[in-house]
Amino acid sequence: MRLPRNWRFLALYVALTIASLLWLVPLATPMAVSLLPLDQSTKGWWRADWSTVTLDAYARAWNGGLNAYLGNSLVITITSVAITVVLGSLAAYAFARMKFAFKTLLFGLLITTMIVPVQIILIPLVPWFQTLGLNEGAAQYFGIALVHTAFGSGWSLFMLMAFFSGIPEEILEAARLDGAGEFTAFSRIALPLALPGIVSFIILDFVFVWNDLLMGLTLLDSDHRPVTVGLANLNAPQLNQDDLISAGSMIAILPPLILFALLNRYYVRGLFAGSVKG
Amino acid sequence: MTARTTRSAAHDRRATKSYRLRRAATPYLFVGPILVVFAMFYLWPTLLTVGSSFFTWGILNPWQTQSPAEWDFVGLGNYGETLADPTFWNAALNSAIWLVVFPALVLALSFPLAILIWSAPRGGGLFRTVFILPMTISLAAAGVVWSLFYNPDPNKGVLNAVLSWFGLEDLSFTLGPLEFHAGRWLSDPGVLHLGFADIRFVNLFIIVAAVWTFVGFGVITFSAGLTSVDAELLDSAKVDGATQLQLVRHVIAPSLRPSVIVVAVISIIFALRTFDIVYVTTGGGPSTDSEVLGMLIWDQVFQFLDSPQGGLAAAVAVVMSALMVVVSLPYIRATLRGRS
């Protein structure tokens, strides 16, 4: 029993379209609620009078502290991703192309950071940050960035090694014969060739760090917390500020979404690399 | 042949002691920096957590390595107390629900979606983007988004609005051990009494929200796996008159087995690590109905600052991490080996 070809394609596209629309329904609510005055959205945003659309909630969320949270998130995320990508690609190159003692043991240890819950390091980190002087002022940004680096090390190896081991040995050997040291071979030859992998890791790590709630909540004081914490604090149903929360979550969603839209191709390729091919 | 001899001669000349030393040291210069960060901000705190799990302490008076005089050693007491504690078993049960339902839903949704997208001759990329989109959304934001979706007021929450359209907004029934109440999805949607345990449905509705953010990962992984499906085999099967279902079952599914393992393992890790979305949607409530292990640890230490439960929390963290490493490390290593 086979349907005619055209009918099957029609059924396929209908199914995909319905699934896609269902997938976007949850997002429609905060988008609509954030754009409507409360007296409109509380009687059902799907019945609202759309001439009342306003950006007022965005302005209030922004001025009500979200701008500071957003700044914190940007500083934390950019610092973390920068440190992780530099240290991670150096290490991934060595693990992919060099032989050294304890390689398997070190690799196994680093990979466990992909698996264990953050909670295993969280409790001692609070006094440990005090000992290191990372618990005050701007030093906190640096501290949490280093924790993100440690926790991202397994992922950086998992993703970047595939790109470094894909480089043909002859190219690197040619550079060495020309008198290039191992570091020059890495920075001049290997790094540019692995660039697609590095860009996709940057995007993935950006999304990881940007979306962290637990570390930001625990390790940072209230002046340095990221936007995820700000959002969790706003989400108090009894306060009747749905418009504010919705605008806040749209603002928080936006930066990784813009990055995703701009670099969609790399993002997908990076996730492909992190998965298996047959 | 000649070229090779000259090359190795040049190599011999350079192979002085200092050169060899530098060559041996090079790999460590590459891995050194990340190892330092790893040792300071992961390995050392982990050892502290393991160490502190053998003592009694609280966050206001933390266990400190440099002051052994104040140590209150209890040996395996924290582990014993944890295993005897009903709040631990409540959180463990909820985590077990996550562990089973979350990966199952992710697989059940992303597998057919990936195959549908793959079968579409055009526009597959667009549909894939739609399903990947929620992956970029933080679980905190997803929690907010789904709290609105589940809102009990049928004038606010889409789910209840749709149900009230059909007149089902107050649907409530008891069927043997099963209790169900529509409407209050994040407070009291019902419970399944199993005698030895109560499965609380509030967990399921939080899981659905988390699945929404995670299905994209499955779609991408399966899409990658589908590129390795043998096109010749597929064509000859089609010529032989195989139905769609037979194609999926006998040709496509076998080549997706490695992808299924990756998606299952990563989503199991994700399910056990859960904290954010529970914290934002219900805070573990009502009461402790949706508390998971990741949250129990945090509550024990940071919620009740004056209680000396730090050692207990550390013990829970150690048990949880050991379990996760034992379960998933072999799969991750197999994945890496299979790739290189």
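Here are some numbered notes on this two-chain model, which is predicted.

1. Let's start with how sure the predictor is. For the complex, the predictor gives an ipTM of 0.86 and a pTM of 0.84. Chain B averages a pLDDT of 82, and 91% of the residues score at least 70.

2. That average hides some variation along chain B. Helix α1 (residues 2–14) of chain B has the lowest mean pLDDT among the elements of that chain, at 52. At the other end of the scale sits helix α4 (residues 86–119) of chain B, with the highest value, 91.

3. Now for how the chains meet. The contact takes 105 residues from chain A and 102 residues from chain B. About 9300 Å² is buried between chain A and chain B, and carbon and sulfur atoms give 77% of that area. On the chain A side, helix α1 (residues 5–35) of chain A gives the most to the surface touching chain B, with 16 residues.

4. What about polar links across that interface? Between chain A and chain B there are 14 residue pairs in polar contact, counting pairs with both residues at pLDDT 80 or more. The rule finds zero salt bridges across the interface of chain A and chain B.

5. A good residue to click on is V144(B), which is found in helix α6 (residues 139–149) of chain B. Is V144(B) buried or exposed? V144(B) counts as buried because its relative accessibility is 1%, and the cut-off for buried is under 20%.

6. Who are the neighbours of V144(B)? Leaving aside residues within four places in sequence, V144(B) is in contact with L231(A), N235(A), I245(A) and S249(A) from chain A, plus V280(B) from its own chain. As for L99(B), V144(B) is 45 residues from it in sequence and 23 Å from it in space, C-alpha to C-alpha.

7. Next, the aromatic rings. Over all chains, the structure holds 40 aromatic pairs. One of them joins W155(A) and F208(A): the pair is tilted, with 5.6 Å centre to centre and 55° between the planes. W155(A) lies in helix α6 (residues 139–165) of chain A and F208(A) in helix α9 (residues 195–210) of chain A, so the pair ties together parts 53 residues apart in sequence.

8. Look at how the two partners in that pair are covered. W155(A) is buried, with a relative accessible area of 15%, whereas F208(A) is partly exposed, at 42%.

9. Chain B has an aromatic group to look for too. W146(B), F149(B), Y150(B), F173(B), F180(B), W185(B), F205(B) and W212(B) form one aromatic cluster.

Definitions and conventions:
Residues numbered from 1 in each chain as written. Chains lettered and ligands numbered in written order. Predicted model: local features only at pLDDT ≥ 70, side-chain atom pairs only at ≥ 80, totals over all residues. Heavy atoms only, no water. Helix = DSSP H or I, 4+ residues; strand = E, 2+ residues; numbered from the N terminus. Buried < 20%, exposed > 50% of the residue type's maximum accessible area, 1.4 Å probe, protein only. Contact = heavy atoms within 4.5 Å. pLDDT = per-residue confidence, 0-100. Phe/Tyr/Trp six-rings, centres within 6.5 Å; stacked < 30°, edge-to-face > 60°. Buried area = accessible area lost by both parts, 1.4 Å probe. Salt bridge = Lys/Arg side-chain N within 4 Å of Asp/Glu carboxyl O. Polar contact = N/O pair within 3.5 Å; in protein donor to acceptor, adjacent residues only side chain to side chain.
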